[in-house]
Amino acid sequence: VIPGWFSEISPMWPGEAHSLKIEKILFQGKSDYQDVMVFQSSTYGKVLVLDGVIQLTERDECAYQEMITHLPLCSIPNPTKVLVIGGGDGGVLREVARYSSIEQIDICEIDKMVVDVSKQFFPAVAVGYEDPRVTLHVGDGVAFLKAVPAGTYDAVIVDSSDPIGPAQELFEKPFFQTVANALRPGGVVCTQAESIWLHMHIIEDIVANCRQIFKGSVNYAWTTVPTYPSGVIGFMLCSTEGPAVDFKHPVNPIDANDSQKSRPLKFYNSEIHTAAFCLPSFAKKVIDAK
Ligand code: AAT
């Protein structure tokens, strides 16, 4: 550990730890679920850390939040009801709110402290809460989904932390089953699905489970996020039986959408959407075999 630097140390990426220089620690707290910290870094703006793991930085949050949102929502025509699990910072809400077809945006975040801290320190992220279509439910995403009537949502976005701690069940088969149940026929899910460099074993399990549960399309996509472990992160995209979804060829492009005038997209575009599904050979081999 280097004095004055934050190092991200975890058994989920043994033998390596990305570090950022700390200018100032702005917040440190302990919620019912996790340790919460915010610091000012010298090169990535403010940083939100939960249980020692970076959740977002001001500089690169656009890459993650835009991709986890627009990969699913650009893949279906006229989404109207969307559920976000996790994502308490509000960044995914900000991106979902760009679609004028959407009437209802529900979010279920387990930790109220994440919401409060985001509103205090990350106003450009928490701005997502200002949209009147948003309803916040504070609670466990697993329990929330169990109570959702079948066929409710066009899309579910699972913006979850890593599977150590409160998010563990969000990576397990019964959870994916409840997601499928909550979706309309031809509805889509996009989940945070870790790194091809670090977590092929986790990805393999997720893909195998999803191929059993989702009878439409099942695809893995990925993007770069410099402050996430190994600098990349992936997403599992699946659709339920019903109208076919071709994730690789977006039918609902956002590039020219009105929301672009007030706050242009920083990362996502239709070309990067399609490119995100191209996998390195080592990952393709494992994922295609499942
Ligand atoms: N958008 C920022 C990126 C995140 S945030 C993940 C959120 O999921 C956290 O706010 C956490 O409190 C919430 N969460 C964890 N478990 C649950 C649960 N069971 N139900 C609801 N919300 C939950 C993800 C960063 C990925 C980091 C990659 N290393």
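This report describes the surroundings of the ligand in a predicted model.

The chain averages a pLDDT of 96, with 99% of the residues scoring at least 70, and the model as a whole is given an ipTM of 0.98 together with a pTM of 0.98.

Thirty residues are not listed one by one here; of the 30 residues around the ligand, those that come nearest are D89, E109, D140, G141 and D159. Polar contacts to nitrogen atoms of the ligand are set out below, with the part of each residue that supplies the N or O atom.

| Residue | Part of the residue | Ligand atom | Distance |
|---|---|---|---|
| D89 | side chain | nitrogen | 2.7 Å |
| D140 | side chain | nitrogen | 2.9 Å |
| G141 | backbone | nitrogen | 2.9 Å |

Taken alone, the ligand would expose 670 Å², and of that area the protein buries 99%. The site that holds the ligand is the largest cavity, and the elements that contribute two or more residues to the shell around the ligand are the strands β5 (53-57) and β7 (104-109) and the helix α1 (61-73). Among the contributors, β5 gives the most to this shell, namely 3 residues.

What is the make-up of the shell around the ligand by class? The shell has 13 nonpolar residues, 11 polar residues and 6 charged residues, and the residues that come nearest to the ligand include D89, D140 and G141, for which the table gives a side-chain atom of D89, a side-chain atom of D140 and a backbone atom of G141.

Key. Residues numbered from 1 in each chain as written. Predicted model: local features only at pLDDT ≥ 70, side-chain atom pairs only at ≥ 80, totals over all residues. Heavy atoms only, no water. Near = heavy atom within 4 Å. Polar contact = N/O pair within 3.5 Å; in protein donor to acceptor, adjacent residues only side chain to side chain. Areas by Shrake-Rupley, 256 points an atom, 1.4 Å probe, with all protein chains shown as cover. 1 Å grid on protein atoms, 1.4 Å probe; cavity = no way out; pocket = protein on both sides within 12 Å on 5 of 7 lines; lining within 4 Å. Sits in = over half its atoms within 2 Å of the grid points. Helix = DSSP H or I, 4+ residues; strand = E, 2+ residues; numbered from the N terminus. Nonpolar A, V, L, I, M, F, W, Y, C, P; charged D, E, K, R; others polar. pLDDT = per-residue confidence, 0-100.
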